[in-house]
Every structure is written in structure tokens, then in C-alpha cells.
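Reader: I have a new structure open on my screen, and I would like to learn how to read it feature by feature. Could you walk me through it?

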Amino acid sequence: MAVKALIKRVVPESKAREMIPLFRQMRSLAMNQDGYISGETLRNLNNSEEFLVISSWQSSQDWIKWLESTERQQIQQKIDALLGGQTKYEIYHYGFSE
């Protein structure tokens, strides 16, 4: 069952230039992962420092495999160090399940 992973980050304007290459690198690597469908990065209109990344995956197992991969964790550590905190994730699936 397809899932969407939501990642919310607050990126201070002073850190934006350093973050952009990391976001691009992360997306580029994700696009080559099994089960990856699509991804988008949204910026809050009311708070320009708040970003929401939404990525779609064929299954939760595909997302978890990417989430736990060494290459992703290396970039994520740089992001967390730059932002001074740990990134939080939420995962959703379509519709209702029994």
C-alpha cells in the first residue's frame, strides 16, 4: 500500500544557503531508491522558515529502508547538526484500513 512520509523542518534564513545543497542531495538519492514515487518541498506562506517535505513511496517498508539507509543517515546528521535538533517524521497511508 502506498504511503506518504511527511517531514517538517524549521530552517532559519541564516542557514538556508547551507541547507539547499543538502535538501537537493537527499532528494537526488531518494529518487534512486526502490519504491520511491515522488517528492515535493513546500514552504509555509505564513512562516518562510518552515518547510514541509512530502514524499510518496510504494510501501512503508520502502520508506523505512530509505530512512534507515547509511547514505540517508549521513546527510540527515548534517541537517540535524545545522538545525540544532533531530528531524521528526510522520507516515500516512491512503484511506481506511481494517
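Reader: Let me begin with a residue in the chain. Leaving aside its neighbours within four places in sequence, which residues is G39 in contact with?

Author: Happy to help! Please keep in mind that this is a predicted model. Once its neighbours within four places in sequence are set aside, G39 touches R27, I54 and S55. G39 itself sits in strand β2, which spans residues 36-43. Its relative accessible area is 27%, so G39 counts as partly exposed. You can also set sequence distance beside distance in space: G39 and K4 are 35 residues apart in sequence, and their C-alpha atoms are 9.1 Å apart.

Reader: Since the model is predicted, what pLDDT does the chain average?

Author: The average is 92, and 97% of the residues score at least 70. You can also go element by element: α2 has the highest mean pLDDT, at 96, while β4 has the lowest, at 92.

Reader: Let's turn to charges. How many salt bridges are there?

Author: The general idea is that oppositely charged side chains can pair when their charged atoms come close. With a cut-off of 4 Å between nitrogen and carboxyl oxygen, the count here is two salt bridges. One joins E50 and K8, whose closest N and O atoms are 3.9 Å apart. This pair ties together distant parts of the chain, with E50 in strand β3 and K8 in strand β1, 42 residues apart. K8 is exposed, its relative accessible area being 53%.

Reader: Which side chain meets R43 in a salt bridge?

Author: That is E13, with an N to O distance of 3.0 Å. Here too the pair links distant parts of the chain: R43 belongs to strand β2 and E13 to the loop between β1 and α1, 30 residues apart. R43 is partly exposed at a relative accessible area of 46%, and E13 is partly exposed as well, at 44%.

Reader: What about R9: is it buried or exposed?

Author: R9, in strand β1 (residues 3-10), is buried yet has no salt bridge. The nearest side chain of opposite charge is D80, 5.6 Å away. The cut-off for a salt bridge is 4 Å, so the pair does not count as one. The R9 side chain does make a polar contact, at 3.1 Å, with the side chain of Q76. Beyond four places in sequence, the contacts of R9 include F23, E49, E50, F51 and R72.

Reader: R72 is on that list. Where is R72 found, and which side chain of opposite charge is nearest to it?

Author: R72 is in helix α3. It is also buried without a salt bridge, and the nearest side chain of opposite charge is D80, at 7.5 Å. A polar contact of 3.2 Å connects the side chains of R72 and Y89. With neighbours within four places left out, R72 is in contact with I7, R9, M26, W63, W66, L67 and Y89.

Reader: How do I read a helix, then? Which residues of α2 are buried?

Author: A good way in is to ask which side of the helix the buried residues occupy. In α2 (residues 60-67), the buried residues are D62, W63 and W66. They cover an arc of only 100° around the axis, which means they lie on the same side of α2. Exposed residues Q61 and K65 are carried on the face turned away from that buried side.

Reader: What do the buried residues of α2 pack against?

Author: They pack against β1, α1 (16-30), β3 (50-57), α3 (70-83) and β4 (88-93).

Reader: Could we finish with a loop? Where is V11 found, and is it buried or exposed?

Author: V11 is found in the loop between β1 and α1. Its relative accessibility is 3%, so V11 counts as buried. Away from its sequence neighbours within four places, V11 is in contact with A16, M19, F23, E49, F51 and L83. For a contrast, try A81 in helix α3, which is exposed with a relative accessible area of 64%.

How values were computed
Residues numbered from 1 in each chain as written. Predicted model: local features only at pLDDT ≥ 70, side-chain atom pairs only at ≥ 80, totals over all residues. Heavy atoms only, no water. Helix = DSSP H or I, 4+ residues; strand = E, 2+ residues; numbered from the N terminus. Buried < 20%, exposed > 50% of the residue type's maximum accessible area, 1.4 Å probe, protein only. Lys, Arg positive; Asp, Glu negative; His and termini not counted. Polar contact = N/O pair within 3.5 Å; in protein donor to acceptor, adjacent residues only side chain to side chain. Contact = heavy atoms within 4.5 Å. Arc of directions from axis to C-beta. pLDDT = per-residue confidence, 0-100.
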